[in-house]
Amino acid sequence: MASNRSLTDEYDILVDAGSQSSDARLVEETKKGNKQAFGELVQRYERRLMRVIGRFVFDLDLIDDLAQETFIRAYERLDQFDPSRRFSPWLFRIGVNLALDLHRRRKRRVWTIMFTDRSADRWIENPEADPRNVRDLQLEVQAVIREIPEKYRTVLILRDMENFSTSEIAAILDRKEATVRWRLAEARNRFQELWEKRQKQDDD
C-alpha cells in the first residue's frame with residue numbers, strides 16, 4: 001500500500017505522525033556528534049527536497065548537487081536552527097535559496113516547470129477538450145510560468161505544485177503568511193492573464 005502513496009501523501013503522514021518532535025530529537029542528537037541521526041534526517045527529506053529543487057532547476061546533476069549542498073549547509077548551520085520551530089521548512093528554505101541563487105548567477109531562466117494535470121486544471125478549462133496533446137499544453141504552461149516575476153512564481157510553485165501549506169511557505173521564504181497569500185493570489189491572476197493573452201494570439 002505504501003508504495004502507491006505520492007510524495008505529498010508520505011510527507012503529510014510524517015507530519016501527522018509527529019515528525020516535528022522527532023526531527024527536533026534528531027537535530028539534538030546530531031549536535032551531540034551523532035552523525036547517524038543527521039543521516040536519518042537526510043533519508044527522511046532527501047526525495048522531497050530533490051523534487052522541490054527540481055521545480056526550479058531542470059538538470060539532474062545540478063539537482064543532486066544542490067540537494068547535497070543543502071544538507072551540508074544545514075549540517076554546518078544546525079547551531080542557528082531554532083528548535084522551537086519545524087525543521088523541514090528551515091531545510092527547504094536553504095534548498096530553495098540555493099536554487100534561486102543559481103538562477104540569478106546565471107542571469108538566465110532555468111525554470112522548467114511540469115504542472116501535473118491536477119494543477120493545470122486550476123487555470124485551464126476543460127483541458128480534455130483541447131485538441132493539443134498534454135505535452136504541448138505542458139510546454140505552453142512552462143512558457144507562461146516563466147513570464148511571472150520570481151517572487152510570485154516561487155510561491156505558486158511551492159503552493160500549487162508542491163502542496164506546501166501557507167504557513168510552511170512563509171517559513172521557507174521567511175515571509176508573513178499574509179504576504180504569501182497575497183503573492184499567491186497575484187501569481188494566479190498573472191498566470192490567468194498571460195494564459196488568456198497567449199490563447200488569443202494563437203487564435204489570431
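Helices α3 and α4 are oblique to each other in this predicted model. Why oblique? The two helices pack at an angle of about 140°. Roughly antiparallel would need an angle over 145 degrees, and roughly perpendicular runs from 65 to 115, so this pair counts as oblique. Their axes lie 9 Å apart. For orientation on your screens, α3 covers residues 35-54 and α4 covers residues 60-76. The crossing of α3 past α4 is right-handed.

Now, who makes the contact? From α3, we have Lys-35, Phe-38, Leu-41, Val-42, Tyr-45, Glu-46, Leu-49, Met-50, Ile-53 and Gly-54. From α4, the partners are Ile-63, Asp-64, Leu-66, Ala-67, Thr-70, Phe-71, Ala-74 and Tyr-75. Sort them by class, and 13 are nonpolar, two are polar and three are charged.

Next, the pocket. The largest one holds about 290 Å³ of space. Its lining has 13 residues. Which of them lie nearest the centre? Those are Arg-85, Arg-86, Pro-89, Arg-93 and Ala-171.

Two elements each give two or more residues to that lining: α5, residues 87-106, and α9, residues 166-173. Which element gives the largest share? That is α9, with four residues.

What about chemistry? By class, the pocket lining has six charged residues, five nonpolar and two polar. Set that beside the contact of α3 with α4, where the counts were three charged, 13 nonpolar and two polar.

To recap. Helices α3 and α4 pack with their axes 9 Å apart, in a right-handed crossing. The largest pocket takes lining residues from α5 and α9, and Arg-85, Arg-86 and Arg-93 are among the residues nearest its centre.

Definitions and conventions. Residues numbered from 1 in each chain as written. Predicted model: local features only at pLDDT ≥ 70, side-chain atom pairs only at ≥ 80, totals over all residues. Heavy atoms only, no water. 1 Å grid on protein atoms, 1.4 Å probe; cavity = no way out; pocket = protein on both sides within 12 Å on 5 of 7 lines; lining within 4 Å. Points joined across faces, edges and corners; volume = space filled by probe spheres on them. Nonpolar A, V, L, I, M, F, W, Y, C, P; charged D, E, K, R; others polar. Axes fitted to C-alpha atoms, helices over the stretch in contact; angles between N-to-C directions. Parallel < 35°, antiparallel > 145°, perpendicular 65-115°, else oblique. Left-handed = near helix turned anticlockwise from the far one by under 90°. Contact = heavy atoms within 4.5 Å.
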